[in-house]
Amino acid sequence: MSKSRVKHEPSSVQVRRSARARRLRGAVLELLAEESPERLNADVLLGVLERLHYDVTARGLAAALAYLRSRDYVEFEELRSRQVPQLRIVRVGLTAQGADVVEATITDPGIDLP
């Protein structure tokens, strides 16, 4: 006898969290597109998102960037400080594929553009 899997509906908390993550990913792509071909420092990106009233933490931004990087929408450049070895600066840039998402020539159900 095989066990059948029961598919559960997501809770309202999960639905809201997922929608918030999709909007954050879209906002990140939009901001990077505005600065392209320049790269943005991740801390600056976080500050801009906070000023735009996104409820975002450094961890949340890292998760959004990991998602976008896994789909080749963004690329990272990591710089280490010689004076402060623990200091790491991540500069984030938009890829051609990321620009396609912003321009709506390709779509991704995990991203909601503003």
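Which residues of α2 are buried? They are A42, L45, L46, G47 and L49. The model is a predicted one, and the paragraphs below start from the whole chain, return to α2 and its partners, and end in the segment after the last helix.

The protein has four helices and three strands. Read from the N terminus, these elements follow the order α-β-α-α-β-β-α. The protein has 114 residues, of which 31% count as buried. Its exposed surface comes to about 8,200 Å², and 50% of that area is supplied by carbon and sulfur atoms. Where contacts link residues at least 6 apart in sequence, 56% of them join residues at least 24 apart.

Helix α2 covers residues 42-51. At its start, a side-chain oxygen of N41 comes to within 2.6 Å of the backbone nitrogen of D43. Just after the helix, H53 has a positive phi of about 70°. An α-helix has 3.6 residues a turn, so residues three or four places apart point the same way. That is useful to keep in mind when looking at the buried positions of α2, among them A42, L45, L46 and L49.

These four residues also take part in packing against the next helix. A42, L45, L46 and L49 of α2 meet A58, L61 and L65 of α3. Two packed helices are described by the angle between their axes and the distance between the axes. For α2 and α3, which spans residues 58-70, the angle is about 110° and the axes are 11 Å apart. Angles of 65 to 115 degrees count as roughly perpendicular, and α2 and α3 are therefore roughly perpendicular to each other. Their crossing is right-handed.

Helix α1, residues 12-35, packs against α2 as well, with axes that come within 11 Å and cross at roughly 115°. This crossing, too, is right-handed. On the α1 side the contact is made by L24, A27, V28 and L31, and on the α2 side by L45, V48 and L49. L45 and L49 thus appear in the contact with α1 and in the contact with α3, and both are on the list of buried residues of α2.

The remaining pair to follow is α1 and α3. Their axes come within 10 Å and cross at roughly 75°. That angle makes α1 roughly perpendicular to α3. From α1, the residues L24, R25, V28 and L29 meet G60, L61, A64, L65, Y67 and L68 of α3. L24 and V28 of α1 take part here and also in the contact with α2. On α3, L61 and L65 meet α1 and also meet α2.

The last stop is the segment after α4, where I106 is found. Is I106 buried, partly exposed or exposed? At 30% relative accessibility, it counts as partly exposed. Apart from neighbours within four places in sequence, I106 is in contact with Y73, Q97, D100 and V101.

D108 lies in this segment too, following α4 at residues 96-102. Why does D108 count as buried? Its relative accessible area is 10%, and buried means under 20%. Leaving out residues up to four places away in sequence, D108 touches Y67, R71 and Y73. With Y73 there is also a polar contact, in which the two side chains are joined at 2.8 Å. Y73 is thus a contact of D108 and of I106, while Y67, another contact of D108, is one of the α3 residues that meet α1.

Definitions and conventions:
Residues numbered from 1 in each chain as written. Predicted model: local features only at pLDDT ≥ 70, side-chain atom pairs only at ≥ 80, totals over all residues. Heavy atoms only, no water. Helix = DSSP H or I, 4+ residues; strand = E, 2+ residues; numbered from the N terminus. Buried < 20%, exposed > 50% of the residue type's maximum accessible area, 1.4 Å probe, protein only. Polar contact = N/O pair within 3.5 Å; in protein donor to acceptor, adjacent residues only side chain to side chain. Contact = heavy atoms within 4.5 Å. Areas by Shrake-Rupley, 256 points an atom, 1.4 Å probe, with all protein chains shown as cover. Axes fitted to C-alpha atoms, helices over the stretch in contact; angles between N-to-C directions. Parallel < 35°, antiparallel > 145°, perpendicular 65-115°, else oblique. Left-handed = near helix turned anticlockwise from the far one by under 90°.
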